[in-house]
Amino acid sequence: MSVVTAPRELPEAARIVVIGGGVGGTSVAYHLAELGEREVVVLDRAELTSGSTFHSAGLVGQLRADPTLTRMNMYSVELYRRLQAGDQPAGWTESGGIKLASSPERLAEIRRQVSWARTYDLPLHEISVAEAAERFPLIDTEGVVGAAYLESDGYLDPSQLCYALAAGARANGVRIFTHTRVTGIDVTAGRVTGVSTDRGHIDCEVVVNCGGMFAAEIGRLAGVRIPLVPMSHQYLVTEAFLPRRDDPLPTLRDPDLLVYFRQEVDGLVMGGYERDPAPYTATATTVDAIPADFNGQLLKEDWPRFEEIATNSQRRVPEMAEIGVRRIINGPEAFTPDNEFCLGETSVAGFFVAAGFCAHGIAGAGGIGKVMAEWIVAGEPSFDVWHMDINRFGRQWRSPGFTLARTIESYQRYYDIPYPGLQRLAGRPLRTSPAYEWHRAHGAEFGEKSGWERVDYYETNAAAGDESVRPDSWAGLYWSAATGAEHRATRTAAGLFDETSFSKIEVSGPDAAGLLDWACDNRVAREVGDVTYTQALNRRGGIEADFTVTRTAADVFLIVTGTAYGTHDMAWLHKQARRRGAQVRIADVTGLYSCYALWGPSARDLLGTLTSADLSKDAFGFMTSRELTVADTPVRALQVTFVGEHGWELYAPSEYGARLWADLWAAGKDFGLVAGGYRAIESMRLEKGYRVWGTDITPETTPYEAGLGFCVKLDKDGGFEGREALVAAKERGLERKLCAIVLDDPAKVVLGSEPVAVDGRVSGRVTSGGYGYTVGRSIAYAYLAIADAAPGTPVTIDLFGEWVPGAVVKEPVFTATAAADASATTAGAR
Ligand SMILES: Cc1cc2nc3c(=O)[nH]c(=O)nc-3n(C[C@H](O)[C@H](O)[C@H](O)COP(=O)(O)OP(=O)(O)OC[C@H]3O[C@@H](n4cnc5c(N)ncnc54)[C@H](O)[C@@H]3O)c2cc1C
């Protein structure tokens, strides 16, 4: 083991300064050096591996709910194998790993995971209970109903990994300075320019905050909020009791019992996720206050809190009741409010973060280092890392109380099955529409997104629905017949939807038109009043954002994007503005306006009773916007649709929001108006084929692959970001395409990520799916190899281990008659 000591002199300048010498910082530095970066400096306030890394249990499990993270963890294993074979091994033991199902629901989850693991060649297999017991002979199989085995899982010595990465980085020129505390981060004109330390100052272009649980504190030095909470996490190490074995025991997880195990020499490591977790130092009013000398230290063991885990462990491994405990480790670790990492460039240009690893940082470190290094060097990550992007966190996460409540809840639910539609409860309600009380009074069931309470459906509509179309299995769990009723009323009369949570961004200034035309693939600097559906692309031609742009004045544009995407899309636009040196103001105006969508065949007549404006097709065309007075409310109306029915989104100053909703509702009485929720919108958009960013379209997919080529204006003056990549892609020809699939059995409803096979060979993975109430069919979308993309191609989809048949169909699955106008050629996926 090589201990890296502090050289005397800090350099005056470096290109990149990495703060933190845990597995995160050393892996980022290792991969930066691999990419050829030579001016990299790593600083740690104490020794390497003196944060969370040294007290880690070291399990490396690759399978996660998120496909990108699973791919990153698979890369980690590849790297750990490579390091193990080198001069400075990481202590890697490729023991294999077992996941037990101690409930039928868990077995369903395992089958689902086994099926989607196929889509990236992860060798995960379902095994019998007997085989699980054979591989891990210490278990009592009572209550175990199934298991899965992943032969390439394993464990390592976290400190050895850290030293191996540091050695690799140093061999490629990275300089590492321990006992060097960063005390300040210089930010000039929104860009990082240097760091101050207790041993001097370093000018630099890029700072990477790999501070683990200290990352929030480091973020504050640059005025950046990183919402993570240090949580205490415990495991124990038993006395030696195992007979000598040739092969190591596999790692073992029993999530229903909240426990994990691995072999440690001749004993076991056993830990878990308590239902009663304990934050370390954070409170509802103070985010964190980790002592300045907290390095190489542990917390006091907390037996009462560990009791549930200890009791459960004895149920699964009875010898745990007999065997002595050598020590119990209680160490703090950075958890985030949604159990996903915080990666990427922050709102300060050049200031990156890679922290908040939620007790899977050892498994993730290899992949994290690779993704971050690519992100820093190329300006963009090579994977779709939206779920881990620091820019998924909006302003609500500045609240320590909200962050703490959600983080505690995430820790409690760490091992729970993430059923679709299952709601988070902590910290609610936070952000509400002006019509919120109306929704509550009318039986709304709310779903939460980005702190907003959004109507999923009104249970009061369920009586008008059809219970007989409840889907099988998980898709039927958090389901209501109300959705079908709301869907059908919108298709046949009119539906009113509260979309106030949409993120609204105003871009203004002398360069606004030029910037947006550069950042978007479509032509958006059209006439005042025009609305354009567009994507913003990265340099690889991948879709970084997907929104509508309305020109409201010569130098003012209103962007409307998804509820969860505001911070992300603003950050992307800011980045483009910096690159272009554009004189623009980019403002989040989400809270200034309520937004209600009125769609359906009766929408025009209904709205006509509330306004003197001419709503005829000639006077108010599709994809245009006008200012109207609706009843007593000043409104900006956008004629757009996300459901395939004619209608408007009505944006009103928030103070009018409650009144506008009431007036629309009252006027709707004579038109069969139904108030609907997001589930009905989702069902209608699936029928119509509108894409959703983050699932159907991502930074890894191009508009051509996604069937959005109609937005791409290659002939635009001055070009646009991503154009060259698209031209090259066009020349190469499409290799895959997003296809609509209809399943034979309408009760089999997919949830996303399932493999799709053609002729028994996996051709793609489901991006999204659901039930279309007008067509009465189960619909799925998937990128399929181009040879398999023709309508009529028979497919099978692996749903919980059962291959269910269906076929590729021509899009859209459903078209409204004249009402949908030209909507087949536009969207507004939000
Ligand atoms: C009890 C426990 C068990 C775990 N078990 C597992 C497991 O089995 N598998 C798994 O994958 N993960 C596990 N983890 C999680 C894993 O250990 C962490 O995710 C990982 O080690 C975090 O690494 P890091 O580099 O982000 O942070 P750290 O290791 O905490 O490194 C951060 C570094 O930043 C330095 N620093 C802070 N502030 C400054 C400053 N101002 N200037 C300079 N330097 C600074 C600190 O000194 C520290 O060395 C476990 C964690 C705990 C607590």
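Colleague: Before we get to Gly772 and S37, when do two strands pair here?

Modeller: This is a predicted model, and the rule is simple. Two strands pair if DSSP finds at least two bridges between them.

Colleague: Okay, then which residue stands opposite Arg777 in S37?

Modeller: Look at strand S36 (residues 761–772), which pairs with S37 in the antiparallel sense over 6 bridges. The two form a hairpin with 4 residues between them, and Gly776 in the turn has a positive phi of about 65°. Opposite Arg777 stands Gly772.

Colleague: Which residue of S37 does Arg736 stand opposite?

Modeller: Strand S34 (residues 736–743) runs antiparallel to S37, and 7 bridges join them. Arg736 stands opposite Ala785.

Colleague: How many of the 9 residues of strand S37 are buried?

Modeller: Buried means under 20% relative accessible area. S37 covers residues 777–785 and is largely enclosed by the rest of the structure, because the buried ones number 7.

Colleague: On to the rings: are Phe393 and Trp397 stacked or edge-to-face?

Modeller: By the ring rule there are 30 aromatic pairs. For Phe393 and Trp397 the centres are 5.7 Å apart; planes over 60 degrees apart count as edge-to-face, and theirs are at 80°, so this pair is edge-to-face.

Colleague: And Trp665, in the pair with Trp438: buried or exposed, or partly exposed?

Modeller: The pair links helix H10, which holds Trp438, to helix H15, which holds Trp665, 227 residues apart. Trp438 counts as buried because its relative accessibility is 17%. Trp665 has a relative accessible area of 28%, so Trp665 is partly exposed.

Terms used. Residues numbered from 1 in each chain as written. Predicted model: local features only at pLDDT ≥ 70, side-chain atom pairs only at ≥ 80, totals over all residues. Heavy atoms only, no water. Buried < 20%, exposed > 50% of the residue type's maximum accessible area, 1.4 Å probe, protein only. Phe/Tyr/Trp six-rings, centres within 6.5 Å; stacked < 30°, edge-to-face > 60°.
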